[in-house]
Amino acid sequence: MKHLFKKKSWVASLSLLSLVVLGACSSNHTTDSTATSSSAVETTLTDAAGNDVTIPADPQRVIASYLEDYLVALGVTPVAQWTVGNDSDQAYLQDKLADVPRISYDLPYEDVLSYEPDLLLMDSNSMVEGDKYAQYSKIAPTYVVTNGEDVTWRDRLNDIAKVLHKEDQAKQVETDYDTLIASTKETYADKIEGKSVAVLWVVNNSAFMVAQTKSSGQLLYQELGFSVPSLVAEVSETATADWSAVSLEKLAELDADYLILVNSDEGADFFNDQVWQNLKAVKDGNLWEFGPESSWLYNGPIAYTKMIEDIQSKLK
């Protein structure tokens, strides 16, 4: 789960597009601190918004709305997890977070206070605009994680790891990920080299395409080495977010060998159109379809790892 029109807009888009969830209350979950260095001490760090934040030596009750992927990767269980709306959440993380209560994405002060956090990690500068930072800081130390258009999941992982005193764990996460990338490229070289791929998200009978250097595009093209279809390159020239709208008429130009579909609208008329049915990947039987519960709409080391596993399953 960065997204439609930058992170701030992603949440609004999810709300409008019914990809969202609401939460329940409980505060009986604590951070797994077993991997925290015994030498960790209270530190003062400057966050992405320029605030000097005093970080506890061993934070036990962390809220990090929309950053749960990174916490889970580092062995940390938050006391509450991100949600918008009424129906769903970051489903791909629920094997680790199934018992963690939900908190609304906009972090209402009273709800945050009810969980008695000892550390708040904020996904973006926009989450602490106006007097919000001062209000949150009265509840717990509040740290804005590095964010922005060119910030990668690795940048965010390492920033969060620094705050949580888990730099060694972050290095291991990256090492494991890089090993997975290398083995995938080697094992499936004949099905990757010279083959092009595109990623589409269909929701509310509309299509959105992943840009070349963002989200899963960065994984597919920069890391795994798939070729970039000409339409993806064209869309990427003006992309300011992970997902960019693409019309059905424009989609007719897509000549990708493989097409990854994140389908949030199974009954869409979109799929009955001749343009869709005549796409090269669709006609050749190389349409790889995943639901909105998959990790393809999100960012983070776990999300990317699950994307790679999905790709492996389709290339076998």
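**Exercise 1. Determine the handedness of the unit formed by β6, helix α5 and β7, then place its strands in their sheet.**

Step 1. β6, helix α5 (residues 132-139) and β7 form a β-α-β unit, and the unit is right-handed. The model is a predicted one.

Step 2. Look at the strand pairing. β6 covers residues 119-122, and three bridges link this strand to β7 in the parallel sense. One position in the register is L121, which faces Y143 of β7.

Step 3. Add the other partner. β3 and β6 run parallel and are joined by two bridges. V62 has L119 of β6 as its bridge partner.

Step 4. Assemble the sheet. The order is β3-β6-β7, in an open sheet of three strands with parallel pairing. β3 (62-63) and β7 (142-144) each have a single partner strand, so they stand at the edges, and one side of each lacks a neighbour in the sheet.

**Exercise 2. Establish which residues on the two faces of β6 are buried, and describe the surroundings of L121.**

Step 1. Recall the general pattern. Side chains in a regular strand alternate between the two faces of the sheet.

Step 2. Apply the pattern to β6. One side carries L119 and L121, the other L120 and M122, and all of these are buried. Both faces of the strand are therefore covered, given that buried means under 20% relative accessible area.

Step 3. List the contacts of L121. Neighbours within four places in sequence are left aside. The partners are V62, I63, A64, S65, L67, L71, Y143, V145, I160 and V163.

Step 4. Relate L121 to the core. The largest nonpolar core has 99 residues, and L121, L220, F226 and L251 are the members that touch the most others. Nonpolar side chains tend to be buried together in soluble globular proteins.

**Exercise 3. Describe how helix α6 is placed against the strands and against helix α7.**

Step 1. Start with the sheet. α6 spans residues 153-163 and lies across β6 and β7, at about 160° to β7.

Step 2. Turn to the helix pair. Two packed helices are described by the angle and the distance between their axes. For α6 and α7 (residues 167-187), the axes come within 8 Å and cross at roughly 155°. That crossing makes α6 roughly antiparallel to α7, because angles over 145 degrees count as such.

Step 3. Name the residues that meet. α6 contributes W153, R154, L157, N158, A161 and K162; α7 contributes E167, A170, V173, E174, Y177 and D178.

Step 4. Check the burial. Eight of the eleven residues of α6 are buried, and the helix is mostly covered. The buried ones are W153, R154, R156, L157, D159, I160, A161 and V163.

Step 5. Look past the end of the helix. H165 follows α6 and has a positive phi, near 60°.

**Exercise 4. Work out the partners of β8 and how its residues are covered.**

Step 1. Count the buried residues. β8 runs from 197 to 203, and seven of its seven residues are buried. V197, V199, W201 and V203 lie on one side, with A198, L200 and V202 on the other.

Step 2. Take the parallel partner. β8 is joined by six bridges to β11 (residues 258-263). W201 stands opposite V262 in that strand.

Step 3. Take the antiparallel partner. Four bridges pair β8 with β9 (residues 206-210). Here V202 has A207 as its bridge partner.

Step 4. Inspect the turn. The hairpin of β8 and β9 has two residues between the strands, and N204 takes a positive phi near 50° there.

**Exercise 5. Classify S244 and T44 as buried or exposed, and list their contacts.**

Step 1. S244 sits in β10 (residues 243-246). Its relative accessibility is 12%, so S244 counts as buried.

Step 2. Beyond four places in sequence, S244 touches A207, F208, M209, V235 and A239. One of these, A207, is also the partner of V202 in the β8 and β9 pairing.

Step 3. T44 belongs to β1 (residues 43-46). At 53% relative accessibility, T44 counts as exposed.

Step 4. Beyond four places in sequence, T44 touches D52, V53 and T54. T44 and I55 are eleven residues apart along the chain, and their C-alpha atoms are separated by 5.9 Å.

Note on methods. Residues are numbered from 1 along each chain as its sequence is written. This is a predicted model: local features need pLDDT of at least 70, side-chain atom pairs count only at pLDDT 80 or more; totals for chains, interfaces and linings use all residues. Side-chain values use heavy atoms; hydrogens and water are left out. Two strands pair if DSSP finds at least two bridges between them. Contact means heavy atoms within 4.5 Å. Axes are lines fitted to C-alpha atoms, for helices over the stretch in contact, and angles run from 0 to 180 degrees between N-to-C directions. Buried means under 20% relative accessible area, exposed over 50%, partly exposed in between (1.4 Å probe, protein chains only). A crossover is right-handed if, with the strands pointing away from the viewer, the path from the first strand over the helix to the second runs clockwise. A nonpolar core is a set of buried Ala, Val, Leu, Ile, Met, Phe, Trp, Tyr and Cys residues joined through side-chain atoms within 4.5 Å. Angles under 35 degrees count as roughly parallel, over 145 as roughly antiparallel, 65 to 115 as roughly perpendicular and the rest as oblique.
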